[in-house]
2 protein chains.
Amino acid sequence: MDAKRATIKDVAEAAGVGVATVSRVLSGGSASPRTRERVLAVAAQLDYRPSALGRNLRQRRTGGIGLLVPDLTDSFFGRLAEGVLACARSAGEPVVVGSTGDDPEQEAELIGMLLEQSVDRLIAVPSGDADAWGPALKAGMTVVFADRLPSEAPDDDEADLGTTADLMLLDGLTPAPAARSVDVPAVLADDRAGIRTAVRYLRGLGHRRIAFLGGPGHERRVAAFREAVGAPVDDELVVFATGSRDSAYAAASGLFQSRPDLTAVLAAGNVLGEAAVLAARELDLRVPRDVSLVMYDDVPWAELCAPPLTVIAQPARDIGYRAAELVLRAGGRRPRSVVLPTELIVRGSCGPRR
Amino acid sequence: MDAKRATIKDVAEAAGVGVATVSRVLSGGSASPRTRERVLAVAAQLDYRPSALGRNLRQRRTGGIGLLVPDLTDSFFGRLAEGVLACARSAGEPVVVGSTGDDPEQEAELIGMLLEQSVDRLIAVPSGDADAWGPALKAGMTVVFADRLPSEAPDDDEADLGTTADLMLLDGLTPAPAARSVDVPAVLADDRAGIRTAVRYLRGLGHRRIAFLGGPGHERRVAAFREAVGAPVDDELVVFATGSRDSAYAAASGLFQSRPDLTAVLAAGNVLGEAAVLAARELDLRVPRDVSLVMYDDVPWAELCAPPLTVIAQPARDIGYRAAELVLRAGGRRPRSVVLPTELIVRGSCGPRR
DNA sequence: CACTTTCGTGGATACGTTTTCAAGCATCTC
DNA sequence: GAGATGCTTGAAAACGTATCCACGAAAGTG
């Protein structure tokens, strides 16, 4: 019924040449026009497709690239993944996707699995500590981080001053401390500029008590927030949720209730923004009359929301695409990091301080 | 620097046994307690991890499972994928994901790539014709369709009466013609019942001119729609978009403009629903006063919309999870298809006929 | 005690490919 | 014409694993 696939040996026999010749022809090596034609014809006729299994074993590496994201349900990571897939497809490379749930333990498990598969190129939105990536790097993996950097490892030696160098800067973008403890390239949105823009925008509307609603992996964003608002940061106005929607809602709701004096909220991601809208509505806070809202990350539904949400847009798809580019043409050379610009899109969720 | 990984040979030598014994111990074969313990200890000490490469080549199949979806950007497929990943992770299996863009050509290309990788288990949201799946099946792949069935192949011989059998029915669900031309199990939402429920709901509100806004792969839904509305179907009220958001918007906008007499719209997917809301707003049609709207597929933002959208919810994640279950424990036996229930969630986007 | 059965074990093989190596042959150079 | 040079080619060796098979010892049976 299912005739077993033709192997390179079959092709060689049918063409009356050695297997080495077939391999060379198909890999673009040198061969006489005469034999090349014959081999190609026979291969086509036998519908021969080289088995990735044999090749992988021989060169001791799986072709494809790994992709680790916290949650494909989150629109941002969906877009990012789509970018990676697009780039990988154009290169003909398969991509193994894992969802970590923002859990360092699951992440480590998935890394182990990729290692076992001999996947040697990985693009990841890291959840674990910096030293969670030791195994992957030690195994010789080419890793590129996307969207985030791993949080600083809780290491004891403190000789860990971040080098701000090694960044390919696009015009006017603020440099980011890429690849601090672990020396790994990254593709990031310009969180610092984005957050600063948002804060300045809210400031310009008269807001003074601006809250920050963050989630896992938003360390860089909250740092940028602290920097943007300046010295006296009211710590009660900075709250964090875990990954789940429930947690985000709880955090938002708690924030609104504990600090009714806040006049604006900056949500650090789209599920947090969603939670903020929901919580505000539930508590009968009108947006933007009672409270202004800026969401980090633009999503299609932001426009459908009532009111339409003012957002900081990130090029999620591009982040994925460029990360894939980096990891693909990392020909031994360690690629440099990339920072992509964000954009403030003003819609209707921000008003003057009440 | 990066010490090469230990192989089974190293373990065998270090433990003073043969490689066969090591393989057996690690694969759960029989071995004396004494040697088993030794081997295990040595393996742990050497941090040995069996290489998937060698194993795959030996058994001529890649461990993992393939997943083909039209677009990870679409929340529905994101949730579906997350379900697949969850199940696969609990089984320790890697999953290779491809995004087809609802394009049969890209789909075929991705199938070819999976074939080349010797991935022998595939769960797919099909875009191509039924006979586009010939190669995969002929190669012995275990395929499970999710969310859709492939459209009928434009074949010449017409002896193609669908067998409605071979379906594992949950209580009260309508049977679906699973695996018609190609005999492949599937995990589907009960589109027929879901659409019927929506139509009946709108009917109950007095609506008579109900439009259907569909996209690629919604053949079963439009059929259910036609069946639910009964004999005289106004073909102008049934419009289709291609996959893109732009196309969806154009279709929705065109529909509203060409048929201002329609009083309700049933959008067959979340991006179509989004487009409908946008188009209605742009044309100054009030929802639900001027036009009622039901969206097939519930998404988080449906509640944030103005007005909140009445939807037919599908268990997207479960669909993915169950599909993965099917494809994983398909121990030679061909698994049966599964149909999962949908649910009408009434929010605020439907009103009585104006 | 002689015989059979069971069990634990290791050597050898095959999986399909890429790559190295040396050999064969034609062409070029002096 | 002899030697050097270039190109094409096929045999063979890996790559790391699972599994077949045969062998020996221990256990069971008469």
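## A helix, a sheet and a DNA strand

Visitor: Which strand does helix α8 of chain A run at about 170° to?

Guide: Keep in mind that this is a predicted model. Helix α8, residues 191-204 of chain A, lies across β7, β9, β10, β11 and β13 of that chain. The strand it makes an angle of about 170° with covers residues 292-296, and that is β10(A).

Visitor: Which strands stand at the edges of the sheet in chain A?

Guide: The sheet is open, with 6 strands in mixed pairing, in the order β8-β7-β9-β10-β11-β13. From one strand to the next, the twist averages 20°. An edge strand has a single partner, so one of its sides is left without a neighbour in the sheet. That fits residues 238-240 and 343-345 of chain A, which are β8 and β13.

Visitor: Which residue in β8(A) stands opposite A:Gly214?

Guide: Strand β7 of chain A spans residues 210-214 and runs parallel to β8(A), with 3 bridges joining the two. Across from A:Gly214, in β8(A), you'll find A:Phe240.

Visitor: Now for the DNA. Which element gives the most to the surface near DNA strand C?

Guide: There are 30 residues around DNA strand C, with A:Ile8, A:Gly54, B:Gly18, B:Ala20 and B:Thr35 the closest. Helices α1, α2 and α4 of chain A, plus α2, α3 and α4 of chain B, each supply at least two residues of that surface. The top contributor, with 6 residues, is α4(A).

Visitor: How many residues of that surface near DNA strand C are charged?

Guide: Let's split them by type: 12 are nonpolar and 11 are polar. The charged ones number 7.

Key: Residues numbered from 1 in each chain as written. Chains lettered and ligands numbered in written order. Predicted model: local features only at pLDDT ≥ 70, side-chain atom pairs only at ≥ 80, totals over all residues. Near = placed C-beta within 6 Å. Helix = DSSP H or I, 4+ residues; strand = E, 2+ residues; numbered from the N terminus. Nonpolar A, V, L, I, M, F, W, Y, C, P; charged D, E, K, R; others polar. Pairing = 2+ DSSP bridges. Axes fitted to C-alpha atoms, helices over the stretch in contact; angles between N-to-C directions. Contact = placed C-beta atoms within 7 Å.
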